[in-house]
There are 2 protein chains.
Amino acid sequence: MRLTRAGEYAIRCVLYLAMHHDRELIGRKEIAAAMDMPAQFLGKVAQQLAKAGIISIRQGSQGGYELAKRPQDIALLAVIEAIDGEIFLNDCIHRPHSCDRQTICSVHQIWDKARRQLRNTLGGVTLAELAAREKRACAGRSREQPHALQG
Amino acid sequence: MRLTRAGEYAIRCVLYLAMHHDRELIGRKEIAAAMDMPAQFLGKVAQQLAKAGIISIRQGSQGGYELAKRPQDIALLAVIEAIDGEIFLNDCIHRPHSCDRQTICSVHQIWDKARRQLRNTLGGVTLAELAAREKRACAGRSREQPHALQG
DNA sequence: TCTAATAGGATCATTTCAGTCCGATTAATC
DNA sequence: GATTAATCGGACTGAAATGATCCTATTAGA
């Protein structure tokens with residue numbers, strides 16, 4: 001009942017991209033170093049984000065990642081579900097055939113409600129909002145620019 | 001991001017107990033057969049439910065399980081968290097030390113909100129309500145009593 | 001005492017998770 | 001065209017969680 005590491009990394013990645021939306025393309029290593037995750041693993045995650053149309057990737061020398069849409073058009077939910085699949089809180093909703101016993105399906109109405117609420121909350125927040133809030137928080141915290149990284 | 005099997009079984013178990021609240025003590029095998037789960041596994045689950053004070057167990061011949069409180073005093077959330085632990089949707093809330101980078105903590109406010117909503121929804125439903133809804137649904141579905149099981 | 005039940009520790013198979021390795025591919029630059 | 005710097009993507013691996021099952025111990029009614 002929790003976000004996977006891959007999902008967490010995906011969020012960090014797109015958040016970083018959103019916070020540096022002015023720049024063209026950002027290298028995988030830079031993102032990984034700045035957001036503290038394994039660069040190789042980020043590669044896997046990024047491929048899924050690209051398939052989902054959230055980021056676009058350029059290969060080859062000087063390659064890297066960038067958001068495929070505007071930050072205000074990307075919901076947190078989309079990022080998470082691109083990696084971990086659509087959010088289901090219990091199996092029965094996901095696999096109705098595993099629930100042919102109707103006996104407990106009153107419970108599932110509750111689960112379905114909970115699920116809708118959750119997806120609604122996560123779907124209602126965009127990267128633009130998150131990035132803006134991050135920047136405000138960052139500015140209040142330290143005096144040097146948060147742009148610097150690894151030399 | 002989903003309920004474990006053990007959690008699912010726990011719910012089935014207490015729901016069955018709630019639906020037969022008039023009876024004294026119900027044997028593990030009966031519950032397992034009626035609610036379609038492995039009896040041994042139910043044993044494990046039941047121990048946790050007992051530790052959490054949700055059911056009480058009588059050992060020995062003619063032993064079995066019963067609810068430790070009235071069905072209207074047991075929330076669905078309590079049952080789930082007795083088995084799977086307190087619900088956390090992401091690690092960072094659970095282990096704040098794993099999140100010393102404040103960079104992404106704007107996201108965590110969202111997660112925290114989502115988590116509160118989820119716990120609220122699951123905490124607002126009692127076994128009494130679920131059992132009543134089940135019985136209504138059952139009555140409308142079949143004509144024989146749903147009490148019968150394995151001879 | 002016998003028997004029917006649960007308790008609970010040990011064990012096990014499977015799946016998921018998290019991550020790494022490495023050759024293939026792509027594209028900019030020399 | 002060769003070199004180089006990047007990502008792609010499949011294979012692999014170790015660790016942990018999950019979903020059980022087995023077996024002995026214990027409990028308590030008959």
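Guide: A polar contact is a pair of N or O atoms within 3.5 Å; within protein, one must be able to donate a hydrogen and the other to accept it, and residues adjacent in sequence count only if both atoms are side-chain atoms. This is a predicted model, where local features need pLDDT of at least 70, side-chain atom pairs count only at pLDDT 80 or more, and totals for chains, interfaces and linings use all residues. Side-chain values rest on heavy atoms, with hydrogens and water left out.

Visitor: What makes A:Gln40 a polar contact of DNA strand C?

Guide: A polar side-chain atom of A:Gln40 lies 3.4 Å from a base nitrogen of DNA strand C, so the pair falls within the 3.5 Å limit. For B:Gln59, a polar side-chain atom is 3.2 Å from a base oxygen of that strand.

Visitor: Which residues are closest to DNA strand C?

Guide: Of the 23 residues that surround the strand, the closest are A:Arg5, A:Gly60, B:Arg28, B:Lys44 and B:Ile57; near means that a heavy atom of the residue lies within 4 Å. Of the strand's atoms within 4 Å of the protein, 65% belong to sugar or phosphate and the rest to bases.

Visitor: Why is the relation between chain A and chain B called a two-fold axis?

Guide: Chain A can be laid on chain B by a turn of 180 degrees and a shift of 0.0 Å along the axis, with an RMSD of 0.1 Å (least squares on C-alpha atoms of residues with pLDDT of at least 70 in both). That is therefore the relation of a two-fold axis. In chain A, A:Met1 comes closest to the rotation axis, at 1.8 Å (C-alpha).

Notes:
Residues are numbered from 1 along each chain as its sequence is written. Chains are lettered from A and ligands numbered from 1 in the order in which they are written.
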